[in-house]
Amino acid sequence: MIIKQLSVFLENRAGRLTELTGILAENDINISAFSIADTADFGILRMIAGKPELAEKVLKENGFAVKITDVICMTVPHKPGGLHRALQILSDNGISIEYMYAFAAAADQATVVIRTDMPLKAIEVLQLHKLELLKAGDVYQL
Amino acid sequence: MIWNEHHECMERGQLASLQGERLKAMVERVYFNVPFYRNKLQEMGIEPGDIRTVEDLKLLPFTTKQDLRDNYPFGLFAVPQQDVVRLHASSGTTGKSTVVGYTHNDIMMWAEVVARSLTMAGITKSDIVQVAYGYGLFTGGLGLHYGAEKVGASVIPISGGNTKKQLQLLEDFGSTAIACTPSYAAYLGEALDEEKVDRSKLKLRAGIFGAEPWTEEMRAQIEKSLGIKAYDIYGLSEVIGPGVSMECSCQKGMHIFEDHFIPEIINPESGEVLPYGELGELVFTTVTKEAMPLIRYRTRDLTRLHVGTCECGRTLARMEKCVGRSDDMLIIRGVNVFPSQVESVLLEMSETRPHYLLVVDRDNNLDTLEIQVEVEDQFFSDEVKELEALRKRIGSNLTSILGLHATVRLVEPGTIERSMGKAQRVVDKRKLK
Ligand SMILES: [Zn+2]
């Protein structure tokens, strides 16, 4: 249930992101989801990609600072209160979220990537409440 | 062990009067024998009689590397050519090389200061010293050679290079000490591994390394890979060669042999003499050298001097490892900034590496300083708040060392050129406007 997310340090300069996506394409690595957190000077690209170890290797070889972090991916139905319920469960169990981002995987549901410092506990409580979590294999192929 | 207790542990007042006597005699010698110095002193209205004590040193003019070049090859010699027994030259990276001459007494004095240096590293006549500095016009090889012979050690004059032979002699002859550049020492350590030399067969225990800048990190690495204690020796051919100063076993800076070489620290911009403990350019006056005495020679090396009796018993002043070259100094908002200061801050922080670039600019007539620091893979956090905290930490450490505000910009790894040169460390956009 733990998903390997790639985080890449990016300077805010033109063409840098294109360079990165180009490297991944050349190596036949698919990007399932991504988000960028940015400040005035730099950004952090976080993404779920196929073959995360290979992606880490080729990006490092091309001079990027890359880090693999553990996240969990949860499916949330497209209906009012869907996300709220999941977050309530985490908060009730004292699990704080460092950051999260969502992507639409199908018409009737969204997938949320969650970074927390207690991923195992989060998995446990979410499953207990019958929320659907994605397995690594599912996510990398999305 | 102290080679020359009388001179190395002299009471400071007594040392000052010895320096004063020697200075006075030296100024007289150059005034009457070196037209360059005579003209310079006359222009400043100074006569030899004006120099009576070491305090009067500050009245004298500086000598620069350019003066040596302008007087190429023998223009600064203070003795007739028949009294010169040795010539060395440094390969100038720019322009002509600089030539230095030695009389018989100079060679003896040089052997004496190197003998003192080797004794600091615990070397005695029972040692076998492998001199892996280059022999030739460069002063390293012969300088260490004569000093080691004076101590009475068995000297192996193998010179530099030929690594396989170096390793073979280390093993077969049982060398107990080696003298070479620190980068070559690091290389020898790697070669030991590659050649799979059995370290238990080696008797090596001390290394005397100098002639190029090296860090404490390198010291630790060399000590580990060669299984020795590594000592720092400092010198420059213009002053004598290796043996101007040397670390004792306390390793709290290098003791300068002040009875022969009087050190001063000056503000490289104004020439003003700075008190002990302050960072500035190191200047030497050689008071006993006969062939080519130098008055207030500007080394362009930046360091600090410390006095106070060392735990080893020596009273000689200690200089810190040089932190850079005065040529690299920048003036930003009136504050003197050396790129090496930035480097030292980054080296001290465990989460940064010294890969940086200073970008100086001018915004509304006010100088700005941006310091770009590479984000290292192993310290890269994927959280913005942690990277921001790192940026602030670097910034506040820099501000307190530099004495002015610097903006820190985190950049991707490998984007700053790897080089020791100034050109790659600093971009001064003010000059373009
Ligand atoms: Zn000492």
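Q: Before we look at the metal, when do four donors count as tetrahedral here?
A: Four donors count as tetrahedral if all angles between them lie between 85 and 135 degrees. In this predicted model, the four donor atoms of the zinc ion make angles of 104 to 115°, so the site is tetrahedral by that rule.

Q: And what is the ideal angle for four tetrahedral donors?
A: Ideal angles at a metal are 109.5 degrees for four tetrahedral donors.

Q: Which atoms coordinate the zinc ion?
A: The zinc ion is held by the SG atoms of B:Cys248, B:Cys310 and B:Cys312 together with NE2 of B:His255, at 2.1 to 2.3 Å. Along the sequence, these donor residues follow the spacing C-x6-H-x54-C-x1-C.

Q: Where do B:Cys248 and B:Cys310 sit in the chain?
A: B:Cys248 is in the loop between strands E8 (241-247) and E9 (254-256) of chain B, while B:Cys310 is in the loop between strands E13 (305-306) and E14 (318-319) of chain B, so the pair, 62 residues apart, links distant parts of the chain.

Q: Switching to the interface, how many residues does each chain bring to the contact?
A: Chain A contributes 24 residues to the contact and chain B contributes 18 residues. The area buried between the two chains is about 1700 Å², with carbon and sulfur atoms giving 54% of that.

Q: Which three residues supply most on the chain B side, compared with any other three?
A: Those are B:Phe380, B:Asp382 and B:Glu412, which supply 41% of the area that chain B buries against chain A, more than any other three residues.

Q: How many salt bridges and polar contacts are there between the chains?
A: There are five salt bridges between chain B and chain A, and eight residue pairs are in polar contact across the interface, both partners being at pLDDT 80 or more. On the chain B side, helix H11 (384-402) and strand E20 (407-411) each supply at least two residues, and H11(B) gives the most, with five residues. By class, that side has eight nonpolar, two polar and eight charged residues.

Q: What does A:Arg16 pair with across the interface?
A: A:Arg16 forms a salt bridge with B:Glu412, with the closest N and O atoms 2.3 Å apart. A:Arg16 also forms a salt bridge with A:Glu19, where the closest N and O atoms are 2.6 Å apart. Because A:Glu19 and A:Arg16 are three residues apart in helix H1 (residues 16-26) of chain A, they are separated by about one helical turn.

Q: How many salt bridges over all chains?
A: The whole structure has 33 salt bridges over all chains.

Q: Last topic, the backbone: where is the cis peptide bond, and which residue has a positive phi although it is not a glycine?
A: A cis peptide bond joins B:Tyr72 and B:Pro73, with omega about -5°, and B:Pro73 lies in the loop between helix H4 (65-70) and strand E1 (84-90) of chain B. The residue with the positive phi, about 80°, is B:Ala211, placed in the loop between strand E6 (206-210) and helix H9 (216-226) of chain B.

Terms used. Residues are numbered from 1 along each chain as its sequence is written. Chains are lettered from A and ligands numbered from 1 in the order in which they are written. This is a predicted model: local features need pLDDT of at least 70, side-chain atom pairs count only at pLDDT 80 or more; totals for chains, interfaces and linings use all residues. Side-chain values use heavy atoms; hydrogens and water are left out. Contact means heavy atoms within 4.5 Å. Buried area is the accessible area (1.4 Å probe) that two parts lose on being put together, summed over both. A salt bridge is a side-chain nitrogen of Lys or Arg within 4 Å of a carboxyl oxygen of Asp or Glu. A polar contact is a pair of N or O atoms within 3.5 Å; within protein, one must be able to donate a hydrogen and the other to accept it, and residues adjacent in sequence count only if both atoms are side-chain atoms. Helices (H or I, at least four residues) and strands (E, at least two) are DSSP runs, numbered from the N terminus. Ala, Val, Leu, Ile, Met, Phe, Trp, Tyr, Cys and Pro count as nonpolar, Asp, Glu, Lys and Arg as charged, and the others, Gly among them, as polar. Donors are N, O and S atoms within 2.8 Å of the metal (3.2 Å for Na, K and Ca); water is not among the atoms, so sites may look incomplete. Four donors count as tetrahedral if all angles lie between 85 and 135 degrees; four count as square planar and six as octahedral if opposite donors are over 155 degrees apart and all others between 65 and 115; anything else is irregular.
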